[in-house]
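Got the viewer open and a selection box ready? Let's walk through this one stop by stop.

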Amino acid sequence: MPLISSPLEPTRNEARHAMVLLILGCAALALSSIAPRSRLTWFLEVLPVFIAGPLLLLTWQRFRLTLLAYQLIFIHSLVLIVGAHYTYALVPAGEWLQEAFGLARNPYDRIGHFFQGFVPAIITREILLRVTPLQRGRMLFFLVCCVALAISAFYELLEWWGALFMGARAEAFLGTQGDVWDTQWDMCLALVGALAAQWLLAGWHDRQLARLQGL
C-alpha cells in the first residue's frame, strides 16, 4: 500500500528549517528584482517561483513534503532566480565555466534544465508513493522519468508561445544562444536530471518519507 498522505506534525527543527528556506528564498527573489537586465525576462523566468511558493505554503498542513523535497525546491528556485536576474546567457558563473572549460556557450541554461528534471523527479516520486498504489521499482522509476520529460516538453511549449507573443524580445527568455538543437538539449538534460535524482537520492528520500509518516 502507498504511504498515507497526512503527515505527522512537523518537529520544531523541521519547521525552523522550512522557515529559513522560505526567508532566504524571498530575500533572493527580492534581490534579483533589483535592476535585472530585462524586466520582462525576469518576470517570465521567476513565474514558476511565484506559483510554487504560495502553493507550498497552502499545502504545508494538508500535504507537507519531505525536507529533502523542500531543500531541492529551494535550490531550483535559486537557479531560476539567478538566471532571471542576469538572463541565462549572461550569468557570470556560467561565463566562468565557459572560459574555464573552453565551451562554445554559457552553460548556465544547461544547468537549469538539468535541475528541471532533477527536482521534479523527487517531487513526483514522493507524490506517486504517497497517493497511488505504485510500489518502488521499475515502473515507478519509469513513470517519474516520463513526468519529468512531460514537464520539460511543456516548458519548451511555453517558450515557443512566448516567442510567438514577444517576437524579438523573447531572445533572452529563450536563451538558445544560436544552438538549433537547444530544445532537444534541454529535454535531454531534464531526462539526465531525473535519472540522476533517482539513482543518487532514492535511499535518502525513502528514509525521509518513512520519518515523515512516523514509520
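Leaving aside its neighbours within four places in sequence, which residues is threonine 66 in contact with? Select Glu126, His205, Gln208, Leu209 and Leu212 and you have them, with contact meaning heavy atoms within 4.5 Å.

Before moving on, some housekeeping. This is a predicted model, where local features need pLDDT of at least 70 and side-chain atom pairs count only at pLDDT 80 or more, while totals for chains, interfaces and linings use all residues. Residues are numbered from 1 along each chain as its sequence is written, and side-chain values use heavy atoms, with hydrogens and water left out.

**Stop 1: around threonine 66**

Threonine 66 sits in the loop between helix H2 (39–58) and helix H3 (67–86); helices here are DSSP runs of H or I, at least four residues long, numbered from the N terminus. Threonine 66 counts as buried because its relative accessibility is 2%. The cut-offs are under 20% relative accessible area for buried, over 50% for exposed, and partly exposed in between, with a 1.4 Å probe and protein chains only.

Now click on one of its contacts, Glu126. Glutamate 126 is buried too, at a relative accessible area of 0%. Its side chain meets that of arginine 130 in a salt bridge, 2.9 Å from N to O; the term stands for a side-chain nitrogen of Lys or Arg within 4 Å of a carboxyl oxygen of Asp or Glu. The two are separated by about one helical turn, because they are 4 residues apart in helix H5. Arginine 130 is buried, at 2%.

**Stop 2: the other salt bridges**

By that rule the count comes to 5 salt bridges. Select aspartate 186 and arginine 110 next: their closest N and O atoms are 3.8 Å apart. This pair links distant parts of the chain, with aspartate 186 in helix H8 and arginine 110 in helix H5, 76 residues apart. Both partners are buried.

Then try arginine 136 and aspartate 206, whose side chains meet at 2.8 Å, N to O, in a salt bridge. Here, too, distant parts of the chain are linked: arginine 136 is in the loop between H5 and H6, aspartate 206 is in helix H8, and their positions lie 70 residues apart in the numbering. Arginine 136 is partly exposed, with a relative accessible area of 41%. Add Arg125 to the selection and you have a network of salt bridges linking Arg125, Arg136 and Asp206.

**Stop 3: the nonpolar core**

Show side chains for Leu29, Val46, Leu65, Leu72, Ile81, Phe118 and Val119. These have the most contacts inside the largest nonpolar core, which has 39 residues. Such a core is a set of buried Ala, Val, Leu, Ile, Met, Phe, Trp, Tyr and Cys residues joined through side-chain atoms within 4.5 Å. H1, H2, H3, helix H5 (108–131), helix H6 (138–166) and helix H8 (182–212) each supply at least two of its residues, and the largest share, 10 residues, comes from H3. Zoom in on leucine 72: not counting residues up to four places away in sequence, it touches Phe118, Val119, Ile122 and Leu201.

**Stop 4: a pocket**

Center the view on Leu21, Leu22, Gly53, Leu56 and Leu57. Of the 21 residues lining the second largest pocket, these lie nearest its centre. A pocket, on a 1 Å grid over the protein atoms alone, is an open set of points where a 1.4 Å probe fits, with protein on both sides within 12 Å along at least five of seven lines; lining residues have an atom within 4 Å of a point. The volume is about 540 Å³, taken as the space filled by probe spheres set on the points, which are joined across faces, edges and corners.

What is the lining made of? It divides into 18 nonpolar, 3 polar and no charged residues. Ala, Val, Leu, Ile, Met, Phe, Trp, Tyr, Cys and Pro count as nonpolar, Asp, Glu, Lys and Arg as charged, and the others, Gly among them, as polar. Helix H1 (12–32), H2 and H3 each supply at least two lining residues, and H1 gives the largest share, 8 residues.

**Stop 5: two positive phi angles**

Alanine 35, in the loop between H1 and H2, has a positive phi of about 50° although it is not a glycine. It counts as exposed, at 61% relative accessibility. Threonine 87, in the loop between H3 and helix H4 (92–101), also has a positive phi, about 75°. Buried or exposed? Threonine 87 counts as buried, at 7%.
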